[in-house]
Amino acid sequence: MSAIHQVGFEPEEIRTDEPTRSARLKWVIVVDEALPAGRAVNAAICVAAATATSVTGLIGPDAKDAGGSLHPGLPWAGCTVLGAPAAKLGEIRAKAVESLGVFVADMPTDGQSTRVYDEYLQRVGETATAELAYHAIGLVGPRNRIDKLVHRLSLLG
């Protein structure tokens with residue numbers, strides 16, 4: 001059983017005054033490129049939600065507009081959404097979970113085929129890791145490691 005790597009930004013690393021490329025960690029979401037648009041967006045959002053709550057310092061401060069209305073913070077270091085064939089998602093995930101300092105969030109296909117969360121938990125619990133298929137994976141880690149994992153993938157189209 002693999003553990004979730006603790007990954008995040010230290011307070012002094014959060015530099016909202018610099019370009020996203022200067023951030024030590026990179027965030028990408030890789031989605032099954034064959035999914036219909038609605039399901040692809042759903043998978044990406046679900047993985048993003050899991051990532052945002054698990055990776056410290058990923059979300060920037062709230063913004064306040066000129067009228068005084070608040071707008072919740074966004075990922076200050078950016079997030080790139082890429083597409084890949086479904087089979088490639090499992091390969092990338094397998095390499096990522098073994099990569100030191102890389103956080104992995106995923107959406108197994110059972111996440112969109114059930115409407116009751118306990119049923120999802122049961123299905124995933126009855127499936128061997130190597131047998132799981134994915135609709136999306138999210139990765140946060142050192143830029144060089146993330147770049148190596150997603151090398152040559154294109155933006156989701």
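Reader: Before we look at the cysteines, what does "partly exposed" mean here?

Author: A residue is called buried when its relative accessible area is under 20% and exposed when it is over 50%, and partly exposed covers what lies in between. In this predicted model, cysteine 79 has a relative accessible area of 32%, so it counts as partly exposed.

Reader: And cysteine 46, which class does that one get?

Author: Cysteine 46 also has a value in that middle range, 36% relative accessibility, and therefore counts as partly exposed.

Reader: How many disulfides are there in the whole structure?

Author: A search of the whole structure gives 0 disulfides. For cysteine 46, the nearest cysteine sulfur belongs to cysteine 79 and is 14 Å away, and cysteine 79 is likewise in no disulfide.

Reader: Ok, switching to the inside: how many residues are in the largest nonpolar core?

Author: That core has 22 residues, and among those with the most contacts inside it are Phe9, Trp27 and Val140. At least two residues come from each of β1, α1, β5 and β6, and α1 gives the most, with 5 residues.

Reader: What does phenylalanine 9 touch, leaving out residues up to four places away in sequence?

Author: Its contacts include Ile14, Leu25, Leu58 and Trp76, and also Arg24 and Thr56.

Reader: Last one, what is unusual about the phi of arginine 152?

Author: Most residues other than glycine have a negative phi. Arginine 152 is not a glycine, yet has a positive phi of about 75 degrees. Arginine 152 sits in the loop between α5 and β7, and with a relative accessible area of 74% it is exposed.

Notes:
Residues numbered from 1 in each chain as written. Predicted model: local features only at pLDDT ≥ 70, side-chain atom pairs only at ≥ 80, totals over all residues. Heavy atoms only, no water. Core = buried A, V, L, I, M, F, W, Y, C linked by side-chain atoms within 4.5 Å. Buried < 20%, exposed > 50% of the residue type's maximum accessible area, 1.4 Å probe, protein only. Helix = DSSP H or I, 4+ residues; strand = E, 2+ residues; numbered from the N terminus. Contact = heavy atoms within 4.5 Å. Disulfide = S-S within 2.5 Å.
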